[in-house]
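Reader: Could you take me closely through one part of this model, setting out how its helices are covered and what lies at the surface beside them?

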Amino acid sequence: MDYDMLVIGSGPSGRRAAVQSAKLGKSVLVVDRGRRLGGVSVHTGTIPSKTLRETVLNLSGWRERGFYGRGYRVKQDISIADLIERLHKTLDHEVEVLQHQFMRNAVKSVRATAKFLSPDKVSLTTDNGDHSEVGFANALIAVGTRPHRPRDVPFDKTRIFDSDEMLELNRLPRTLTVIGAGVIGVEYATIFSALDVPVTLVEPRNTILDFVDREIVDDFIHQMRDRGMTIRLGSTVKEIASKPDYAEVTLADGRTIRSEIVLYAAGRSGNLGSLGLDVIGIEADSRGRIKVDPQTFQTSVPNIYATGDVIGFPSLASTSMEQGRVAACHAFGVALPPPPETFPYGIYAVPEISTVGQSEEQVRESGIAYEVGVARFRETSRGHIMGVNSGFLKLLFSVDTRRLLGAHIVGEGATELIHIGQAVINLGGTVDFFVNNTFNYPTLAEAYKIAGLDAWNRMGQG
């Protein structure tokens with residue numbers, strides 16, 4: 001059978017492209033080789049790590065420690081079973097919602113591995129070896145990524161894990177070493193630290209999270225160190241060894257780190273292995289990423305698109321969804337307005353980090369005269385009520401146009417609060433919006449008013 005749109009992968013971008021195509025009245029087939037729909041986002045990535053984080057913060061009483069002291073806990077003995085129970089409930093619900101969405105929109109799905117035979121045909125192989133061929137007018141590659149697993153790292157799921165395998169722990173580790181201080185590395189490191197597990201974070205570069213405003217990152221690192229995490233920046237790993245009773249990481253400078261387990265979280269690679277892209281002339285880079293037109297998401301073969309993590313940065317579920325929608329609309333000749341230049345970036349560490357627009361480093365490089373407004377959460381009444389004694393909001397304004405250029409937050413609720421900054425940037429708002437408008441009191445969002453006034457007092461009236 002032939003389809004108007006063949007989608008390979010059912011993660012955020014594949015799902016959105018499938019539903020969008022169906023809403024345009026097209027026939028759609030989604031192919032996914034996973035046991036259940038949802039892709040990496042639902043089963044090993046976005047949803048599990050955020051669910052784990054929420055469970056840890058609730059059971060550990062982390063948010064209340066500002067009041068009750070560092071020894072405070074809601075549940076004294078937190079087991080891996082406590083974490084996994086909530087995780088499975090959440091995942092089951094996500095899959096159910098997705099299946100219902102496909103059913104409602106007449107999107108067909110099949111569990112199989114797809115391989116391109118030509119630019120308009122694939123072969124499908126099921127787990128029990130059944131083969132079939134399917135033709136298509138357009139195809140979308142949304143196969144996502146998997147953890148990068150170098151040959152010299154002895155992964156064994158006993159002492160040494162990748163980020164997917166961390167969800168299969170049979171008990172909480174007494175000590176943990178995380179190698180790689182990217183988004184996934186810092187999220188897991190801080191989540192386990194919130195459970196009072198001693199954590200060492202190792203990163204070969206001298207800086208972390210380079211796309212985030214430096215002042216925010218510096219505060220984040222300070223908060224991690226303040227609660228006892230060991231952070232080794234500029235430390236190259238020479239060897240990782242799995243011993244009977246511990247894992248040992250040897251650094252290039254000769255130092256060794258012993259811990260019960262090691263999480264290796266240094267990068268991810270595209271899941272392209274079985275697609276047979278060479279047959280249709282699509283090339284991928286060394287990390288399995290496909291190059292696409294950034295406006296349309298077309299590959300070098302015009303009727304075949306690629307979206308989501310498999311095309312690289314920013315590798316966010318939120319942006320991937322939008323990419324899937326844009327690709328589907330383009331495939332069927334539906335014109336869309338150009339997307340806003342800025343989108344929010346959320347890092348679900350403990351504490352959260354979220355950012356939108358330009359960082360102070362980028363503004364400085366552009367040569368624009370600017371002013372900064374800062375509000376610390378502990379300055380807000382809501383912060384006092386919640387026992388929040390760290391975290392802040394930073395706003396950057398153009399002196400000439402008074403417009404908001406960037407908003408950056410580290411601290412409780414950052415990923416929710418950022419959307420106020422996003423709206424103001426994309427609607428061309430100025431510092432006067434924050435000064436002249438009333439915010440609910442007491443709220444953390446009131447920090448926008450405080451930061452706006454902080455900048456306004458130095459900029460003067462327009």
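**Two covered helices and a nonpolar patch**

Author: In this predicted model, valine 334 is partly exposed, with a relative accessible area of 32%. Valine 334 sits in the loop that runs between helix H9 (317-331) and strand E18 (345-347), and together with Leu24 and Leu336 it makes a nonpolar surface patch of about 180 Å². Residues enter such a patch with over 30% relative accessible area, so the 32% of valine 334 meets that cut-off.

Turning to the helices, H1 covers residues 12-23, and its twelve residues reach 17 Å from the first C-alpha to the last, close to the 16 Å expected at 1.5 Å a residue. Ten of those twelve residues are buried, which leaves H1 mostly covered; among them are Pro12, Gly14, Arg15, Val19 and Gln20. Just after H1, glycine 25 adopts a positive phi of about 85°.

Helix H3, residues 46-60, has 15 residues and spans 21 Å between its first and last C-alpha, close to the 21 Å expected. Eleven of its 15 residues are buried, so H3 is largely enclosed by the rest of the structure. The buried residues of H3 include nonpolar ones such as Ile47, Leu52, Val56 and Leu59, but also Ser49, Thr51, Arg53 and Thr55. After H3 comes glycine 61, whose phi is likewise positive, near 70°.

Notes:
Residues numbered from 1 in each chain as written. Predicted model: local features only at pLDDT ≥ 70, side-chain atom pairs only at ≥ 80, totals over all residues. Heavy atoms only, no water. Patch = residues over 30% accessible without salt bridge, like charges linked within 9 Å, V, L, I, M, F, W, Y side chains within 5 Å. Areas by Shrake-Rupley, 256 points an atom, 1.4 Å probe, with all protein chains shown as cover. Salt bridge = Lys/Arg side-chain N within 4 Å of Asp/Glu carboxyl O. Helix = DSSP H or I, 4+ residues; strand = E, 2+ residues; numbered from the N terminus. Buried < 20%, exposed > 50% of the residue type's maximum accessible area, 1.4 Å probe, protein only. Expected span 1.5 Å × (residues − 1).
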